[in-house]
Structure formats: C-alpha cells, structure tokens
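Good morning, and thank you for joining this group meeting. I would ask you to keep the sequence and the model in view while I speak.

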Amino acid sequence: MRLKDNVTVITGAGQGIGEAYARRFVAEGAKVAVADVNREKGEAVAEDLRRAGGDAIFVPVDVSSEEDTKAMARKVVERFGRIDTAIANAAIYYGIDNQNFSLEYLKKIFDVNYFGVWLTARAVYPYMKKQGKGSIITQTSDAAYLRFPVPHGDDLPSFHYSVTKAAISALTHFLAASIGPHGVRCNAISPGPTMTDATKKTVPAETLAMIVQGMMAIKRPLESEDLCGTAVFLASDESAMITGQVLSVNGGMVMHG
Ligand SMILES: NC(=O)c1ccc[n+]([C@@H]2O[C@H](COP(=O)([O-])OP(=O)(O)OC[C@H]3O[C@@H](n4cnc5c(N)ncnc54)[C@H](O)[C@@H]3O)[C@@H](O)[C@H]2O)c1
C-alpha cells in the first residue's frame, strides 16, 4: 500500500476519472472523501468503497462556490483530522456544448472548470500549510495543447473547455512557486482522450479515431485506470521533489519539453 492513511479529497469523484482515482486511492490505503455536486452518484461511490472495506465518505460540493469548497475542506478535517492530498478533478465535461460560444456559457465553464480548481486549492491550502505538507493535484487536459480550428459561423469561438484547461496548467505553476516554501506541492495531470461516459458522449467517434491513429504514439485511447498510477505517485512521497509540473498521460499525443 503506497498511501496508507493518506487523507485525500477528490472533487468530481462521483463518476469517470475521479471515481477511478477514489477506488485506486482506497486500494492504496488512503482515507478518501468523494466530493461531488451529484449527491446520488457521489454517495453511491462512497458507499461502495465502504462496503469493500475502505474508509470513505461522501461530501457534497459545488466547486464553483467558495462557501461549499470551504465547507468541504472543513468536513474532511472534522472526519479525518487532516488533508494530505486534494485532487481538483471536477469539471463540466459530460454533455458540454461545444457549439455554444456565448459569453454567458464561457463564464459558466470558467466558474466550474477554472475557478472550481482555484477555490478547491484555496480551501485545502490553510490546512496543508499548517501541517507543513500536502499535495494538490489539478486536472488539466491535453485539449489545452491542441490547436484544432473550431468550426464556426460569424461568431468567434470561445474555446471554453480548452482555455480553462490551459488556465489550470498556468495556475499550477503559480501555485507551486508560492506554496512550495510551506511544504505544499502542486502538480497537474493532463490526460489524453480517456474512455469515460463523458468522452463517449462528447467526442465524435471519427474525431477520436483521428486522434488515436493520427496523433498518439500508443494506438489506443486511455481508460481511467491508466491515469491512477500518476495520481498515486503525485500524492506520495516518491514525488517529494516534484512540483509545478504538468504530467501528460496521453500515449504520446502531445510531447512536452
Ligand atoms: N475523459 C477525458 O478524456 C478527459 C481528458 C482530459 C481531461 N479530462 C478531465 O478529467 C476530469 C474528469 O473527466 P471525466 O471524463 O471523468 O468527466 P465527467 O464529466 O464524467 O466527470 C466529472 C465529474 O465532476 C462532477 N462535477 C461537475 N460539475 C461539478 C461542480 N460544479 N462541483 C462538483 N462536482 C462537479 C460531475 O458530477 C462528475 O462526477 C475533468 O476535469 C475533465 O476535464 C478528461
């Protein structure tokens, strides 16, 4: 077990990649708070983890609310006494409208996908700072690094999803530089196309095939479980001197450096 008693809060853990993180972290001995705006799904995941012998709770949160994210952090500390790891994974991805270029929609996506990450980090940081140790893991996306032209009419596209993810990568760097002196690290995981229900609903099959065959060195899309080892690594002391990094887990789709 690589994360024995590590207290981890994971936003957006009610389904998809966040759920996979929760399952793997419990298997590695972590105490996990499943945080999600979807109460039914989040409670079901936490209940399932407990039935399997894990130490897990559900915490309701809308990550775009400062009040909610503060309450989330407080509840985790009340129940488990500390916060070692926070994975800011929640985002509007399932059912996202890629053709909605309105300002209102752009703000909505920023509210959850970007401000939600910042608010999550802001809520857990005081506890980590007090501990003198902690790992914040943000969830960006390789969509931030792909510059596909977006089909559009007269309206200029807003590039909403991709730009929020690019902003998260930048935030990760700024956070890491500022919180490092207090023993707290911040790194991002940047997944390539991962076969969650959200991807199946959002990404057309022909686009996915074009990405896998045309852009990835390893010719298959990811499963959520492909991302879990990186999350465990970033939460553990094995990555004690790694901070401010964006780790793409993408079968070689985008190559940094
Ligand atoms: N699946 C992919 O191919 C892929 C690739 C790159 C990055 N990502 C990123 O990984 C993360 C998870 O992706 P996924 O495919 O599992 O997505 P998903 O849409 O299946 O899951 C997102 C989860 O976040 C929750 N959520 C949404 N809004 C919330 C809010 N305001 N407050 C709290 N919880 C909220 C949802 O209820 C859901 O449980 C997202 O950040 C996504 O952008 C996914």
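I shall discuss salt bridges, a pair of packed helices, a helix with buried residues, and a loop residue. Please bear in mind that this is a predicted model.

Let me begin with charged side chains. In general terms, side chains of opposite charge can pair when their charged atoms come close. How many salt bridges does the count come to? The count comes to 15 salt bridges. I shall take three of these pairs in turn.

One of them is formed by R23 and D48, whose closest N and O atoms are 3.0 Å apart. This pair links distant parts of the chain, since R23 belongs to helix α1, residues 16–27, and D48 to helix α2, residues 39–51, with their positions 25 residues apart. R23 has a relative accessibility of 32% and therefore counts as partly exposed. D48 is likewise partly exposed, because its relative accessible area is 27%, and the limits for that class are 20% and 50%.

A second salt bridge joins the side chains of E43 and R39, at 3.2 Å from N to O. Here both residues lie within helix α2, four residues apart, which is about one turn of the helix. E43, with a relative accessible area of 38%, is partly exposed. R39, at 45% relative accessibility, also counts as partly exposed.

A third salt bridge is that of E66 with R122, where the closest N and O atoms are 3.3 Å apart. This pair again links distant parts of the chain: E66 is in helix α3, residues 66–80, and R122 is in helix α4, residues 103–131, at a separation of 56 residues. E66 is partly exposed, with a relative accessible area of 34%, and R122 is partly exposed as well, at 45%. Salt bridges with shared partners also join E19, R23, E47, D48, R50 and R51 into one network.

I turn now to helix packing. Two packed helices are described by the angle between their axes and the distance between the axes. Helix α4 packs with helix α5, residues 160–179, at an angle of about 20°, and their axes are 9 Å apart. Why are α4 and α5 called roughly parallel? Their angle is about 20°, and angles under 35 degrees count as roughly parallel, so α4 and α5 fall into that class. The crossing of α4 past α5 is right-handed. On the α4 side, the residues that make the contact include Y105, F110, W118 and Y125, while those of α5 include H160, V163, I168 and L175. By class, the residues of this contact comprise 16 nonpolar, three polar and no charged.

Next, helix α8, residues 225–235. Its buried residues are L227, C228, T230, A231, V232, L234 and A235. Against which elements do the buried residues of α8 pack? They pack against α1, β4, β5, β6 and β7.

Finally, I come to T196. This residue is found in the loop between β6, residues 184–191, and α6, residues 197–202. Is T196 buried or exposed? Its relative accessibility is 10%, and because buried means under 20%, T196 counts as buried. Setting aside neighbours within four places in sequence, T196 is in contact with G16, I17, Y93 and S224.

Notes:
Residues numbered from 1 in each chain as written. Predicted model: local features only at pLDDT ≥ 70, side-chain atom pairs only at ≥ 80, totals over all residues. Heavy atoms only, no water. Helix = DSSP H or I, 4+ residues; strand = E, 2+ residues; numbered from the N terminus. Buried < 20%, exposed > 50% of the residue type's maximum accessible area, 1.4 Å probe, protein only. Contact = heavy atoms within 4.5 Å. Salt bridge = Lys/Arg side-chain N within 4 Å of Asp/Glu carboxyl O. Axes fitted to C-alpha atoms, helices over the stretch in contact; angles between N-to-C directions. Parallel < 35°, antiparallel > 145°, perpendicular 65-115°, else oblique. Left-handed = near helix turned anticlockwise from the far one by under 90°. Nonpolar A, V, L, I, M, F, W, Y, C, P; charged D, E, K, R; others polar.
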